[in-house]
Amino acid sequence: MPETQRRPESRYGNRPTMKDVAARAGVGLKTVSRVVNGEPGVTPETERRVQEAIDALGFRRNDSARVLRKGSTASIGLVLEDLADPFYGPLSRAVEEVARAHGALLINGSSAEDPDREQELALALCARRVDGLVVIPAGDDHRYLEPEIKAGVATVFVDRPAGQIDADCVLSDNFGGAHEGVTHLVAHGHRRIGFIGDMPRIHTAAERLRGYRTAMEDAGIPVEDAWMSLGATDPLRVRRAAEEMLSGPAPVTAIFSGNNRVTVTVIRVLAERSRPVALVAFDDLELADLLQPGVTVIAQDAAMLGRTAAERLFGQLDGTLITPERIELPTRLVTRGSGELPPAD
């Protein structure tokens, strides 16, 4: 090929191999392998030369052969609902910290609340031979994971339980938290209390609705259908639900919002109205304490959810935890002012 037609060399080049390291250090391949894998039998001087060659060449161990030999990738997968949701930030970070303490890499992805996408992502992670999965489920049928679990993939569900299989799950007390929040509003004089939540098929939304209804029943307050709205958390739907509850001759005097995304829209709606309306929100949210009034919340510990789930996962991997368990973590009422407002009428 003429000089002018010669293809340019790739700017990435080729990865250095152990053979390259051995040649530069003037040692055999076995010696390099021992140094790379931290095995004994190498003198300090030889180890120094090999390490200098590794540093000079930028060599990184290829773990593919190790995976085939040991059947372990030292990696775990995390299937989230939505990577953009602030609730999942501390949860994901906690899982990563536990994984790092066990020398494992975390790989995560989002299901976007789509059961098919959840299954596709979970099985794709299994195909890449992760040692375990932490799953925030979007669907309600997880039998597709049974072959993977039988093959040794440790699996823990978090925030919501698995569907149609027996598996470890770590949850918040959604029912108890919602019950406490609504009871708090009742104690401050409210009887017309609205509930705006997520899709009813979602475990957390259904449990929080159950907590709301039970608290109202315990207080002897009949619930009107117009006071309850479950559906997508997009702002238009939530805004419409809130405005309908706050309209008419007998509007609600308080709202219990079912999660952080619902709460943001409800706060916007309430800010546009002159009549004060009490608000208690499930999930804490950033700057909630700086609003006027501050937002009273039912706080759940997302980091503890992630940490507990990850510790269960590694307990399965090391053989100390065998029988699946359902762990329910408590929530906490944080009073800041919005939930303590009395009825305006």
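Reader: Before we start, what does contact mean here?
Author: Contact means heavy atoms within 4.5 Å. Keep in mind that this is a predicted model.

Reader: Fine. Which strands does helix 5 lie across?
Author: Helix 5, residues 88-101, lies across strand 1 (75-80), strand 2, strand 3 and strand 4. It runs at about 170 degrees to strand 1.

Reader: And helix 6? Which strands does that one lie across?
Author: Strand 1, strand 2 and strand 3. Helix 6 covers residues 115-127 and runs at about 175 degrees to strand 1.

Reader: What is the strand order in that sheet?
Author: The order is 2-1-3-4-5-11. The sheet is open, has six strands, and its pairing is parallel. Strand 2 (105-110) and strand 11 (326-329) are the edge strands, each pairing on one side only. On average, neighbouring strands are turned by 15 degrees against each other, direction ignored.

Reader: How many bridges join strand 3 to strand 4?
Author: Four. Strand 3 spans residues 132-135, strand 4 spans residues 154-158, and the two run parallel.

Reader: Which residue is the bridge partner of L133 in strand 4?
Author: T155 is the bridge partner of L133.

Reader: Switching sheets. What is the order in the one with strand 7?
Author: That open sheet of six strands goes 7-6-8-9-10-12. Its pairing is mixed. Strand 7 (228-230) and strand 12 (332-334) sit at the edges, and each pairs on one side only. The twist averages 15 degrees from one strand to the next.

Reader: How many bridges join strand 9 to strand 10?
Author: Three bridges join them. Strand 9 is residues 278-282, strand 10 is residues 296-299, and they run parallel. Within this pair, V280 stands opposite T296.

Reader: Which helix packs there, touching strand 12?
Author: Helix 8, residues 174-187, packs on the sheet. It touches strand 6 (193-197), strand 8 (254-257), strand 9, strand 10 and strand 12. Its direction makes about 170 degrees with that of strand 9.

Reader: What about helix 11, which strands does it lie across?
Author: Helix 11 (residues 260-271) lies across strand 6, strand 8 and strand 9. It runs at about 165 degrees to strand 9.

Reader: New topic. Where is T253?
Author: T253 is in the loop between helix 10 (235-245) and strand 8.

Reader: Buried or exposed?
Author: Buried, because its relative accessible area is 3% and the cut-off for buried is under 20%.

Reader: Then what is T253 in contact with, leaving aside neighbours within four places in sequence?
Author: T253 is in contact with H190, R192, R275, V277, A278, P343 and D345.

Methods. Residues numbered from 1 in each chain as written. Predicted model: local features only at pLDDT ≥ 70, side-chain atom pairs only at ≥ 80, totals over all residues. Heavy atoms only, no water. Pairing = 2+ DSSP bridges. Axes fitted to C-alpha atoms, helices over the stretch in contact; angles between N-to-C directions. Buried < 20%, exposed > 50% of the residue type's maximum accessible area, 1.4 Å probe, protein only.
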